[in-house]
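Student: I am new to this structure and should be grateful for a close look at a single part of it. Please describe one strand and its surroundings in a connected account.

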Amino acid sequence: NTLLLIHGGEAYTGALTDETTQSCVAFDGTGDYLSVPDHADWDFGTGDWAIDFWVYMDTPQEECFIAQYDSGTNQRAWTIEAISSTTLQVWRSDTGGEGGSVANHTYAPVAKTWHHIAVARDTNNLRAFFDGAQIGSTTDITGYDYFDSSAAMTIGSRLSSGSAVVLFTGKMAEI
């Protein structure tokens, strides 16, 4: 049931999934990011879903990994981002508004090392995983709607009034 799978044009070497080389996407933190047009597939609603990817951070810091968010349209939806070098945040807004819910999870990324991040909803449980282990406690999201905003889904940044902010510096693979 994969709805989107992105492999990049650059190569990495390492033992992510037992390959010797694999493609990845490199972000230099100066405004580059991937943008995927809005689509009904990003309307997760109250159903089960999962998002996962490999990430190689030059320096763990505040940065956005993946989002469907644009403050300029007041159509914020959701983000998966680091709000510090040790806190992974999964955030969702109320339908078309400013409010929302936050799940913060402590994690310990190492600079210049590949890590796997996954976020999954099953029924009313939201779980975040780092390198295969659940981080933090399960978040109860009973009745929370992960709606589809009109904004594009972005990888490597989130948007504010159509401009990239909270940029990612590093590489991502198997998004």
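Tutor: E63 is buried (under 20% relative accessible area, 1.4 Å probe, protein chains only), yet it has no salt bridge, meaning a side-chain nitrogen of Lys or Arg within 4 Å of a carboxyl oxygen of Asp or Glu. The nearest side chain of opposite charge, K112, is 11 Å away. This is a predicted model, in which local features need pLDDT of at least 70 and side-chain atom pairs count only at pLDDT 80 or more, while totals for chains, interfaces and linings use all residues. Residues are numbered from 1 along each chain as its sequence is written, and side-chain values use heavy atoms, with hydrogens and water left out.

A polar atom of the E63 side chain does lie 3.2 Å from the backbone nitrogen of T169. Beyond its neighbours within four places in sequence, E63 is in contact (heavy atoms within 4.5 Å) with residues including M57, E81, V166 and T169.

E63 belongs to strand β5 (a DSSP run of E, at least two residues). Of the 6 residues of β5, 6 are buried, so the strand is largely enclosed by the rest of the structure. β5 runs antiparallel to β6, to which 5 bridges join it, and I66 stands opposite I80 there. With β12, also antiparallel, β5 shares 3 bridges; here Q68 stands opposite M153.

Leaving aside its neighbours within four places in sequence, I66 is in contact with residues of which I51, F53, W78 and I175 are among them.

Note on methods
Buried < 20%, exposed > 50% of the residue type's maximum accessible area, 1.4 Å probe, protein only. Helix = DSSP H or I, 4+ residues; strand = E, 2+ residues; numbered from the N terminus. Pairing = 2+ DSSP bridges. Lys, Arg positive; Asp, Glu negative; His and termini not counted. Polar contact = N/O pair within 3.5 Å; in protein donor to acceptor, adjacent residues only side chain to side chain.
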